[in-house]
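Got your viewer open and a selection tool ready? Let's take a walk through this one, a stop at a time.

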Amino acid sequence: MARVVILGGGVAGHTAATFAKEWLGEEHEVVVVTPDGNWNWTPSNIWVGTGEMRKEDAVFPIAPVYEKVGIDYREAKAVSIHPEGKSDSDKAFVTIEYTGQGKAGQSEELSYDYLVNATGAKLDFDATPGLGNGNAEPGPHTVSVCTAEQALHASEELEKVMEKMRKGQKQTILIGMGHGMCTYQGAVFEYIFSIEHKLREEGIREYAEIIYISNESFLGDFGMGGMHIKMGGYAGSSKLFTESLYNERDIKWILGAHVTKVEEGRVTYKTLDGDTHEQEFDFAMLIPLFAGVGIKAYDKEGNDMTDKLFTPNGFMKVDADYTPKPYEEWKASDWPSTLQNPDYKNIFAAGIAFAPPHSISKPVQAPDGTPITPAAPRTGMPNAMMGKAVAASIRDMILEGASEPTHTANMSEMGATFVTSAGKDFFTGTAVAMTIYPIVPDYEKYPDTGRDINITTAEIGLAAHWTKHIQYHIFMYKAKLLPGWTLIP
Amino acid sequence: MGDKYMDPYTPKTGAIVSLSFGKFLRACILWQVVRFVVINLRMIVLILKSKH
Ligand SMILES: Cc1cc2nc3c(=O)[nH]c(=O)nc-3n(C[C@H](O)[C@H](O)[C@H](O)COP(=O)(O)OP(=O)(O)OC[C@H]3O[C@@H](n4cnc5c(N)ncnc54)[C@H](O)[C@@H]3O)c2cc1C
């Protein structure tokens with residue numbers, strides 16, 4: 001009997017665990033270690049954050065789902081990995097610390113035959129002075145929509161400024177990136193349009209000045225260096241499309257910005273030209289910097305070898321080409337395929353937890369060297385595909401004795417879809433549907449624009465909004481492992 | 001077309017401007033049913049191309 005331990009029960013970890021169990025059956029053990037008792041469909045946090053959806057509708061308890069299919073669930077967080085075992089045993093193990101199940105605070109050693117690190121990101125609010133509370137959570141001045149709980153708080157704070165607008169008071173709403181190296185521009189795009197839509201529907205739009213602040217050097221970069229889409233007989237930049245949407249909704253933008261300080265009602269930021277500016281706000285939602293969750297690694301003698309498994313910012317090293325090289329020399333082939341750790345062949349990473357070789361957007365910096373560049377996008381669909389590919393490789397290694405991973409999930413060979421909605425009503429809401437293939441542009445395969453122009457598209461309308469609704473129901477159904485879940489792509 | 005799009009020499013100048021027919025189509029149920037099919041077919045193609 002083999003034991004597969006999955007660290008993290010988010011999009012990537014849940015997908016890896018459920019497929020691994022489905023394929024490996026009763027003879028092998030699948031253990032999920034994750035600190036949250038609830039599973040969250042994060043795209044719906046936008047609806048929660050505007051008060052359009054109850055938090056309870058974006059989450060569900062995970063324990064009964066795992067119990068139903070025989071997955072061993074530990075409500076705990078991984079603290080350290082010991083791939084060589086310890087002095088008196090060669091058996092690899094992880095140390096976990098319980099956060100629930102009546103054992104909060106207790107530690108345990110959990111041995112594994114195969115390990116999948118799908119721990120996502122630590123939301124590093126404290127990397128920006130004043131953005132955090134010193135405990136990797138949002139501070140008192142701004143809100144976040146990264147978790148359902150944070151989104152609920154955001155909706156309560158939004159309601160307070162809306163109340164002032166209803167009384168005729170002008171309010172400034174600032175939404176964007178809380179650090180020069182953030183990602184998640186797509187989620188922010190959705191939140192800003194959702195707020196704008198809500199204010200218009202309430203008839204109080206005229207009382208709000210809405211401002212987008214971003215580390216992108218052009219609007220529509222989205223951490224992917226932008227994309228080209230068909231426009232008549234031309235391929236036009238996503239910059240044109242995105243600027244058009246912002247103009248149409250009278251949303252102002254600040255680009256090339258690294259937020260250096262957050263205070264009550266004010267952010268200070270540095271721009272690419274080296275200048276420092278301030279922006280006042282009444283309501284601000286700022287995304288934090290992402291880092292790895294801080295798991296340590298030790299060798300057999302107990303010496304710290306965290307830097308062997310993880311990059312300095314805490315993401316796990318996999319089969320990527322991490323050689324530092326200039327932007328002009330970046331290639332699609334730098335990106336990892338099997339997601340296997342090069343030193344320990346029974347360790348894999350999936351989703352946000354793997355270390356990308358570099359960003360996709362061109363790295364730029366302020367004159368003093370401060371980098372102001374979006375990190376590579378970390379969207380749900382490819383993360384789920386990584387979880388499934390890793391589970392399939394492990395299945396083949398266990399059941400067929402494969403010596404190498406048999407499946408790949410490479411961001412230069414995978415597409416992404418973003419459906420960013422505004423409003424929730426089936427007929428008055430709207431959305432932008434974007435499809436991008438591949439995520440990492442490949443100029444060797446697609447010399448014109450780096451991407452397949454037939455499926456790299458963006459359009460706005462009700463159809464995209466309906467797609468968002470349907471995705472919510474389908475993916476919640478799939479995550480709950482209801483009948484036929486394996487058939488859902 | 002509102003004049004807010006036409007401020008020359010501002011960041012707004014370079015953007016494409018949505019015209020009234022395009023805006024009508026965004027909410028036209030019949031057209032959107034067609035687009036719904038197209039968007040979802042496109043997503044299926046994208047998923048199939050992404051499988052390895
Ligand atoms: C508001 C919002 C909207 C979004 N909208 C979209 C969208 O429309 N489309 C899209 O494709 N993507 C969207 N995304 C992105 C998508 O949510 C992420 O790509 C996806 O959640 C990442 O999956 P993951 O499994 O890598 O990480 P996560 O989903 O973050 O999962 C990581 C898991 O690991 C757990 N964990 C953390 N530390 C430890 C530890 N030490 N030990 C064990 N477990 C640990 C966490 O609790 C969590 O359960 C959105 C994100 C946000 C925040």
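## First stop: the ligand

Select A:Lys468 together with the ligand: an N or O atom in that side chain sits 3.4 Å from an oxygen atom of the ligand. Keep in mind as you look around that this is a predicted model. How much of the ligand does the protein bury? On its own the ligand would expose 990 Å², and the protein buries 87% of that.

Now bring up the helices and strands around it. The elements of chain A that give two or more residues to the shell are α1 (11–24), β2 (29–34), β5 (72–82) and α8 (380–399). Color α8(A) first if you like, since with 3 residues this helix makes the largest share of the shell.

Next, pick out single residues. There are 30 around the ligand, and those that come nearest are A:Asp36, A:Thr42, A:Ile352, A:Arg378 and A:Gly380. Zoom in on A:Ile352: a polar atom of its backbone is 2.8 Å from an oxygen atom of the ligand. Then swing over to A:Thr119, where a polar backbone atom lies 3.4 Å from a ligand oxygen. If you color the shell by residue class, you'll get 15 nonpolar, 11 polar and 4 charged residues.

## Second stop: where the chains meet

Select chain B and whatever it touches on chain A. You should pick up 28 residues from chain B and 42 residues from chain A. Together the two chains bury about 3,000 Å², and 64% of that is on carbon and sulfur atoms.

How many salt bridges cross the interface of chain B and chain A? There are 4. For one to look at, show the side chains of B:Arg26 and A:Glu248, which meet at 2.7 Å, N to O. Polar contacts are here too, with a count of 12 residue pairs between chain B and chain A, both residues at pLDDT 80 or more.

Which elements of chain B give two or more residues to the side that touches chain A? They are α1 (20–27) and α2 (29–50) of chain B. Highlight α2(B), because its 14 residues are the largest share of that side. By class, this side of chain B has 14 nonpolar, 6 polar and 8 charged residues.

## Third stop: a bridge between strands

Salt bridges turn up elsewhere as well: over all chains, the structure holds 32. Select A:Glu108 and A:Arg74, whose side chains meet in one at 2.6 Å, N to O. A:Glu108 is in strand β7 of chain A and A:Arg74 is in strand β5 of chain A, so this pair ties together parts 34 residues apart in sequence. As background, side chains of opposite charge can pair when their charged atoms come close.

## Fourth stop: two backbone oddities

Some background before you click: most peptide bonds are trans, and most residues other than glycine have a negative phi.

Now select A:Tyr437 and A:Pro438. The peptide bond joining them is cis, with omega about -10°. A:Pro438 belongs to the loop between β23 (430–436) and β24 (457–461) of chain A.

Then jump to A:Gln101. Its phi is near 55°, a positive value in a residue other than glycine. You'll find A:Gln101 in the loop between β6 (93–98) and β7 (107–111) of chain A.

## Last stop: A:Phe218

Finish in the loop between β11 (208–213) and β12 (228–231) of chain A, where A:Phe218 lies. Which residues does A:Phe218 touch, not counting those up to four places away in sequence? Select A:Gly225, A:Gly226, A:Ser237, A:Ser238, A:Lys239 and A:Leu255 to see them. For a distance to try out, go from A:Phe218 to A:Thr430: the two are 212 residues apart along the chain, with 24 Å between their C-alpha atoms.

Note on methods
Residues are numbered from 1 along each chain as its sequence is written. Chains are lettered from A and ligands numbered from 1 in the order in which they are written. This is a predicted model: local features need pLDDT of at least 70, side-chain atom pairs count only at pLDDT 80 or more; totals for chains, interfaces and linings use all residues. Side-chain values use heavy atoms; hydrogens and water are left out. Contact means heavy atoms within 4.5 Å. Buried area is the accessible area (1.4 Å probe) that two parts lose on being put together, summed over both. A polar contact is a pair of N or O atoms within 3.5 Å; within protein, one must be able to donate a hydrogen and the other to accept it, and residues adjacent in sequence count only if both atoms are side-chain atoms. Helices (H or I, at least four residues) and strands (E, at least two) are DSSP runs, numbered from the N terminus. Ala, Val, Leu, Ile, Met, Phe, Trp, Tyr, Cys and Pro count as nonpolar, Asp, Glu, Lys and Arg as charged, and the others, Gly among them, as polar. A residue is near a molecule or strand if one of its heavy atoms lies within 4 Å of it. Accessible areas come from the Shrake-Rupley method with a 1.4 Å probe; for residues, only the protein chains shown count as cover.
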